[in-house]
Amino acid sequence: MSRTPASALYWRILGINGLIFAIGTVLLAVAPVTISSPILLRELAVLVIGLVVMMAANAVLLRASLSPLERLTALMARLDSLRSRDRLSATGNGDLFQLVDQFNAMLDRLEADRSISTAVVLDAQEAERRRIAQELHDEIGQSLTVVLLELKSVVDRAPREVAEELRGVQEVVRSSLDEVRRVARRLRPGVLDDLGLTSALNALAADFSGTGGPRVTRRVQSGLAGLGPDTELVIYRIAQESLTNVWRHSGARSAELSLTQDEDGCVVLRVVDDGSGPPTEITAAGAGAAGGAGGRPLSKDTAGSGVHGMRERAMLIGAQLTIGPAGGGGTEVELKIPPAASRRAAG
């Protein structure tokens, strides 16, 4: 019958202590040392030295045996549910290798369950976004279009004084219709499905530049290989959330959106702005942001919810998301998708 990690550790500690005491007993038996009664001072010194040697040897052996527990504790302390594949090596851990293997297996199960549940939640979110976007386009958009047509007919027949006021109302309705269409596009980008990721990112950058926010320059490589629909959607959503944070919170005057693929097939998305830097709360929460003294203070709900969603999406396709200060100030968001992750998401 196989031993459990607890019994293996028990017998190891018992064996170490037994071996130390046995060696000490043999040394006392064969050494030319006698113990007088009452004990002499030099004899007491020999016993104390022997006890110290035995305790030191015991401490060294026990520390070597229990060192995997220290590494396991350190892993548990730094473990992040959204930072996958952080594992403890089971090699060289003696009788504790079963404990390490079981802990690693538990992490594998938890990450698999987390990935499945995250995929279900994100799919439900995308379905709800698609439904709301469709309703905005079909219901509210069409209703506002009808109102615009009716207003145009009324303006043509109204007296000059009333016509001027109606034209003002007409402009308000037209602006509302444009905003409804813009919200619908952000909820579900039809251009991503129809024209692909490159066109969708270009349209996204142009949309943010046209809203009176920071000027967004783009450097998007076309013809990226190995990206499936899920990966493209993750890239688009993370770019969208990053630009939204730049627009709402950073105070930046300009931002750069880039998407490139290196020779090894690794796809890299970067969003860099010249604003006030990453939120300090994100840094304190360990959300992948390397903060600094210039970080902008935001509430945890404001700073953390969007970043948490971005990290969940990155984890879903096996990508690495980092958020930190940019080289010349501001914030840099970087998403790295290795070729293996792209192929897995495409499959």
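**Figure 1. Strands β1 and β2 side by side.** Two strands are said to pair if DSSP finds at least two bridges between them. In this predicted model, β1 and strand β2 (residues 254–261) are joined by 6 bridges and run parallel. To pick out one of those links, start at V220: its bridge partner in β2 is L259. Next come the helices. Helix α6 (residues 197–209) packs on the sheet and touches β1 and β2, and its direction makes about 170 degrees with that of β1. Helix α7 (residues 229–250) packs on the sheet as well, touching β1, β2, β3 (267–273), β4 and β5 (331–337). Set against β3, the direction of α7 makes an angle of about 10 degrees.

**Figure 2. The whole sheet, strand by strand.** Step back from that pair and you find an open sheet of 5 strands with mixed pairing. Walk across the sheet and you meet the strands in the order β1-β2-β3-β5-β4. At the edges sit β1 (215–220) and β4 (320–325), each pairing on one side only. On average, and ignoring direction, neighbouring strands here are turned by 10 degrees against each other. As background, strands of a sheet pair through backbone hydrogen bonds, either parallel or antiparallel.

**Figure 3. Strand β3 and its two partners.** Follow β3 and you'll find that 5 of its 7 residues are buried, so the strand is mostly covered, buried meaning under 20% relative accessible area. Its pairing with β2 is antiparallel and takes in 7 bridges. One spot to look for is L257, whose bridge partner in β3 is V271. The hairpin of β2 and β3 has 5 residues between the strands, and in this hairpin G265 takes a positive phi near 90 degrees. Now turn to β5: it pairs with β3 in the antiparallel sense too, over 6 bridges. Here L269 stands opposite L335 in β5.

**Figure 4. Inside the largest nonpolar core.** This core holds 36 residues. Which of them touch the most other members? They are L201, I235, L257, L259 and L335. At least two residues of the core come from each of α6, β1, α7, β2, β3, α9 (300–316), β4 and β5. The biggest giver is α7, with 8 residues. For a view from one residue, try L259: leaving out residues up to four places away in sequence, it touches L197, L201, R219, V220, Q221, L224, I235, V267, V268 and L269. Another core, of 14 residues, lies apart from the largest one, and its members include V155, V180, A184 and L187.

**Figure 5. Salt bridges along helices α3 and α4.** The model contains 9 salt bridges by the rule used here. Side chains of opposite charge can pair when their charged atoms come close. In helix α3 (residues 97–157), E128 and R131 lie 3 residues apart, about one turn of the helix. Their salt bridge brings the closest N and O atoms to 2.4 Å. E128 counts as partly exposed because its relative accessibility is 36%, and R131, at 38%, is partly exposed too. Helix α4 (residues 160–187) offers a pair in R167 and E164, again 3 residues apart, about one turn of the helix. These two side chains meet in a salt bridge at 3.1 Å, N to O, and R167 is partly exposed, with 39% relative accessibility. Further along sit E171 and R174, whose side chains meet in a salt bridge at 2.8 Å, N to O. Why are E171 and R174 separated by about one helical turn? Because they are 3 residues apart in helix α4. E171 is partly exposed, with a relative accessible area of 44%, and so is R174, at 32%. There is also a network: R270, E332, E334 and K336 are joined by salt bridges that share partners.

**Figure 6. How confident is the prediction?** The mean pLDDT of the protein is 76, and 81% of its residues reach 70 or more. Among the elements, β3 has the highest mean, 91, while helix α8 (residues 280–284) has the lowest, 49. Over residues 283–303 the pLDDT is below 50; beyond near neighbours in sequence, this stretch makes 51 contacts in the model. Where pLDDT is low, the predicted coordinates should not be read in detail.

Definitions and conventions
Residues are numbered from 1 along each chain as its sequence is written. This is a predicted model: local features need pLDDT of at least 70, side-chain atom pairs count only at pLDDT 80 or more; totals for chains, interfaces and linings use all residues. Side-chain values use heavy atoms; hydrogens and water are left out. Helices (H or I, at least four residues) and strands (E, at least two) are DSSP runs, numbered from the N terminus. Axes are lines fitted to C-alpha atoms, for helices over the stretch in contact, and angles run from 0 to 180 degrees between N-to-C directions. Contact means heavy atoms within 4.5 Å. A nonpolar core is a set of buried Ala, Val, Leu, Ile, Met, Phe, Trp, Tyr and Cys residues joined through side-chain atoms within 4.5 Å. Buried means under 20% relative accessible area, exposed over 50%, partly exposed in between (1.4 Å probe, protein chains only). pLDDT is the predictor's confidence in each residue, from 0 to 100. A salt bridge is a side-chain nitrogen of Lys or Arg within 4 Å of a carboxyl oxygen of Asp or Glu.
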